[in-house]
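Trainee: I would like to go through this model with you. Can we take it step by step?
Mentor: Yes. Have it on the screen and ask away.

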Amino acid sequence: MAIRQIREQGDEILTKKCREVKEITPRLRELIEDMIETMHDADGVGLAAPQVGVLRRIAVVDVGEGPIILVNPKVVLTEGEQTGQEGCLSVPGKAGIVTRPMKVKVEACNENMENVTVEGEELLARALVHEIDHLNGHMYTELVEGDLFEVKYEEEEPSEDGGTKE
């Protein structure tokens, strides 16, 4: 597994629609593993293949319950609305206010090309739709209400035992 470089806004690949995956090859299996590692390393909750330079319909999402792997995902149902702060690993240090569905239902395949259905609410719904947008060549910045703003991350203070405080 390897950490891959995350493409940033302005990179043309982020504006292109991704190709459907017909079969999971060893190379695509490695891509999925690398995407999960890259997402976790960057403290993200989602990552789409074009963000690491690959135009395939693959995304990974992890809102704290373990990674969800989505191959050829499609949103099949949305319910309600939520408006809140959203950011993206491809737009580091920035965020914006975006309205997304409160609940979504996504049909996809997993890493073994088995059909799966993922239902999500709140953050998971936001992350699923955000990553699927990437697969269609769209970024959250197209949906921002108002202007993007700087996001400041608090530095973790060292604890007495040399680790960091949670």
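Trainee: Which residue takes a positive phi in the hairpin of S4 and S5?
Mentor: Gly-93, with phi near 80°. Keep in mind that this is a predicted model. The hairpin has 6 residues between the strands.

Trainee: What makes S4 and S5 a pair?
Mentor: Pairing takes at least two bridges. Strand S4, residues 82–87, and strand S5, residues 94–100, have 6 bridges. So the pair meets the cut-off of at least two. The sense is antiparallel. One example is Gly-84, whose bridge partner in S5 is Val-98.

Trainee: What pattern does the protein follow along the sequence?
Mentor: The pattern reads α-β-β-β-β-β-β-β-α-β. That goes with 2 helices and 8 strands.

Trainee: Why is the protein called as compact as a globular protein of that length?
Mentor: Set the radius of gyration against the globule rule. The radius is 16 Å, and the rule gives 15 Å for 166 residues. The two values are close, so the description holds. Along the principal axes, the C-alpha trace spans about 50 × 35 × 30 Å.

Trainee: What share of the residues counts as buried?
Mentor: The share is 42% of the 166 residues. Each of those has under 20% relative accessible area. The accessible surface of the protein is about 9600 Å², with 44% belonging to carbon and sulfur atoms.

Trainee: How many side chains are positive and how many negative?
Mentor: There are 18 positive and 35 negative side chains. The centres of the two sets lie 10 Å apart.

Definitions and conventions:
Residues numbered from 1 in each chain as written. Predicted model: local features only at pLDDT ≥ 70, side-chain atom pairs only at ≥ 80, totals over all residues. Heavy atoms only, no water. Helix = DSSP H or I, 4+ residues; strand = E, 2+ residues; numbered from the N terminus. Rg over C-alpha atoms; globule rule 2.2 N^0.38 Å. Buried < 20%, exposed > 50% of the residue type's maximum accessible area, 1.4 Å probe, protein only. Areas by Shrake-Rupley, 256 points an atom, 1.4 Å probe, with all protein chains shown as cover. Lys, Arg positive; Asp, Glu negative; His and termini not counted. Charge placed at Lys NZ, Arg CZ, Asp CG, Glu CD.
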